[in-house]
Amino acid sequence: MKVNVGTPERVVRIIAGIVLIALAVLGTVGPWLYTGIVLLVIGIVLLLTGLVRWCPAWALFGVNTCAVKKP
């Protein structure tokens, strides 16, 4: 599994994931249960991809946001 998520994107993913999970758990997103479940799932995916620094969607499309190391 090759790393394909760079540091700035990693930070954004982790923060966004935590915020979405918190919104879903606290129920501040609205009265609909479905909305809370969707936000919870999206938050978990963002948090996990930020923590492991690998995104399957980026791998599928060949995107890599990591900085290129100079020789």
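A residue counts as buried at under 20% relative accessible area, as exposed at over 50% and as partly exposed in between, with a 1.4 Å probe and protein chains only. The structure is a predicted model, in which local features need pLDDT of at least 70 and side-chain atom pairs count only at pLDDT 80 or more, while totals for chains, interfaces and linings use all residues. Residues are numbered from 1 along each chain as its sequence is written, and side-chain values use heavy atoms, with hydrogens and water left out.

**Exercise 1. Overall form**

State what share of the protein chain is buried, and describe its fold elements and its spread.

Solution.
- Step 1: 21% of the 71 residues of the protein chain count as buried.
- Step 2: The protein chain holds three helices and zero strands, in the order α-α-α from the N terminus. Helices (H or I, at least four residues) and strands (E, at least two) are DSSP runs, numbered from the N terminus.
- Step 3: The radius of gyration of the protein chain is 14 Å, well over the 11 Å from the globule rule for 71 residues, so the chain is more spread out than a compact globule. This radius is taken over C-alpha atoms, and the rule is 2.2 Å times the number of residues to the power 0.38.
- Step 4: The C-alpha trace spans about 55 × 20 × 15 Å along its principal axes.

**Exercise 2. The two sides of H1**

Work out the span of helix H1 and which of its residues are buried.

Solution.
- Step 1: H1 takes in residues 7-26, 20 residues in total, and reaches 28 Å from its first C-alpha to its last, close to the 28 Å expected at 1.5 Å a residue. The expected span is 1.5 Å times one less than the number of residues.
- Step 2: Glu-9, Arg-13, Gly-17, Leu-20, Ile-21 and Ala-24 are the buried residues of H1. They lie on the same side of H1, because they cover an arc of only 100° around the axis. The arc is that of the directions from the helix axis to the C-beta atoms.
- Step 3: In general, an α-helix has 3.6 residues a turn, so residues three or four places apart point the same way.
- Step 4: Pro-8, Val-12, Ile-15 and Leu-26 are exposed on the other side of H1.
- Step 5: Just after H1 comes Gly-27, with a positive phi of about 75°.

**Exercise 3. Arg-53**

Locate Arg-53 and give its phi and exposure.

Solution.
- Step 1: Arg-53 sits in the loop between helix H2 (33-52) and helix H3 (56-61).
- Step 2: Its phi is positive, about 60°, although Arg-53 is not a glycine.
- Step 3: Arg-53 is partly exposed, because its relative accessibility is 25%.

**Exercise 4. The cysteines**

How many disulfides does a search of the whole structure find?

Solution.
- Step 1: A disulfide is a pair of cysteine sulfur atoms within 2.5 Å.
- Step 2: The search finds zero disulfides.
- Step 3: The closest cysteine sulfur to that of Cys-55 is in Cys-66, 11 Å away and therefore too far for a bond.
- Step 4: Cys-55 is buried, with a relative accessible area of 8%.

**Exercise 5. Contacts across the sequence**

List the contacts of Thr-65 and Ile-14 beyond four places in sequence.

Solution.
- Step 1: Contact means heavy atoms within 4.5 Å.
- Step 2: Thr-65, in the segment after H3, touches Asn-4, Val-5, Gly-6, Glu-9 and Trp-58.
- Step 3: Thr-65 and Val-5 are 60 residues apart in sequence, yet their C-alpha atoms are 5.2 Å apart.
- Step 4: Ile-14, in helix H1, contacts Leu-46, Leu-47, Gly-50 and Leu-51.
- Step 5: Of the contacts in the protein chain with a separation of 6 or more, 71% join residues 24 or more positions apart.
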